[in-house]
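Work through the exercises below with the sequence and the model at hand. Each task is followed by a solution in steps.

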Amino acid sequence: MYGDVDLRRLAFIRQAKALGLTLDAIRELVVAARQRNGAPTRDRLLRMLDERISQTTQQIETLTGLRKELHRRRRALRLRPRPNRERGYCTCLQKTPLAR
């Protein structure tokens, strides 16, 4: 039912989606690929991949910071005495106990 060109286009779309490209970006690349000169498509894709690399690097830094904070909070919670139940809610995640 599908020709080779269609199958290659679908494979490209699947790969681009797996790399985290947005549907708008993928659409832009598919439209550009239909033009006779494929060089602009390659340049666009290179720019998009550079942007994804930058975004991914930022996400990794953010998640690394979150992991460190989670470990820090877990260690602190294990060392802290059980919370005072008078407060009506768990204060386990507070960075410092509330002053009375």
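**Exercise 1. Salt bridges**

Task: Find how many salt bridges the model has, a salt bridge being a side-chain nitrogen of Lys or Arg within 4 Å of a carboxyl oxygen of Asp or Glu.

Solution. The count by this rule is 5 salt bridges. Before going on, note that the model is predicted, that local features need pLDDT of at least 70 and side-chain atom pairs pLDDT 80 or more, while totals for chains, interfaces and linings use all residues. Residues are numbered from 1 along each chain as its sequence is written, and side-chain values use heavy atoms, with hydrogens and water left out.

**Exercise 2. A pair in helix 1**

Task: Describe the salt bridge between Arg-9 and Asp-6, and say where the two residues lie.

Solution. Step one is the distance: N to O, the side chains of Arg-9 and Asp-6 meet at 3.2 Å. Step two is the position: both are in helix 1 (residues 4–18), and because they are 3 residues apart there, about one helical turn separates them. Helices (H or I, at least four residues) and strands (E, at least two) are DSSP runs, numbered from the N terminus. Step three is exposure, where buried means under 20% relative accessible area, exposed over 50%, and partly exposed in between (1.4 Å probe, protein chains only). Arg-9 has a relative accessible area of 28% and is partly exposed; Asp-6, at 28%, also counts as partly exposed.

**Exercise 3. A network in helix 3**

Task: Which residues do salt bridges with shared partners join into one network?

Solution. Start from Glu-69. Its salt bridge with Arg-72 has its closest N and O atoms 2.9 Å apart, and these two residues of helix 3 (residues 39–79) are 3 residues apart, about one turn of the helix. Glu-69 also forms a salt bridge with Arg-73, with 2.8 Å between the closest N and O atoms. Glu-69 and Arg-73 are 4 residues apart in helix 3, so about one helical turn lies between them. The shared partners make one network of Glu-69, Arg-72 and Arg-73. For exposure, Glu-69 is partly exposed at 26% relative accessible area, Arg-72 is partly exposed at 33%, and Arg-73 is partly exposed at 24%.

**Exercise 4. The two sides of helix 2**

Task: Which residues of helix 2 are buried, and which are exposed on the other side?

Solution. In helix 2 (residues 23–33), the buried residues are Ala-25, Ile-26, Leu-29, Val-30 and Ala-32. They lie on the same side of the helix, because they cover an arc of only 165° around the axis, taken from the directions from the helix axis to the C-beta atoms. Leu-23 and Asp-24 are exposed on the other side.

**Exercise 5. The core**

Task: List the residues of the largest nonpolar core, a set of buried Ala, Val, Leu, Ile, Met, Phe, Trp, Tyr and Cys residues joined through side-chain atoms within 4.5 Å.

Solution. This core has 7 residues: Ala-16, Leu-21, Ala-25, Ile-26, Leu-29, Val-30 and Met-48. Helix 2 gives the most to it, with 4 residues. Next, take Met-48 and leave aside its neighbours within four places in sequence: it is in contact (heavy atoms within 4.5 Å) with Leu-21, Ala-25, Glu-28 and Leu-29.

**Exercise 6. The whole chain**

Task: Give the secondary structure of the protein chain and its share of buried residues.

Solution. The chain has 3 helices and 0 strands, in the order α-α-α from the N terminus. Of its 100 residues, 12% count as buried.
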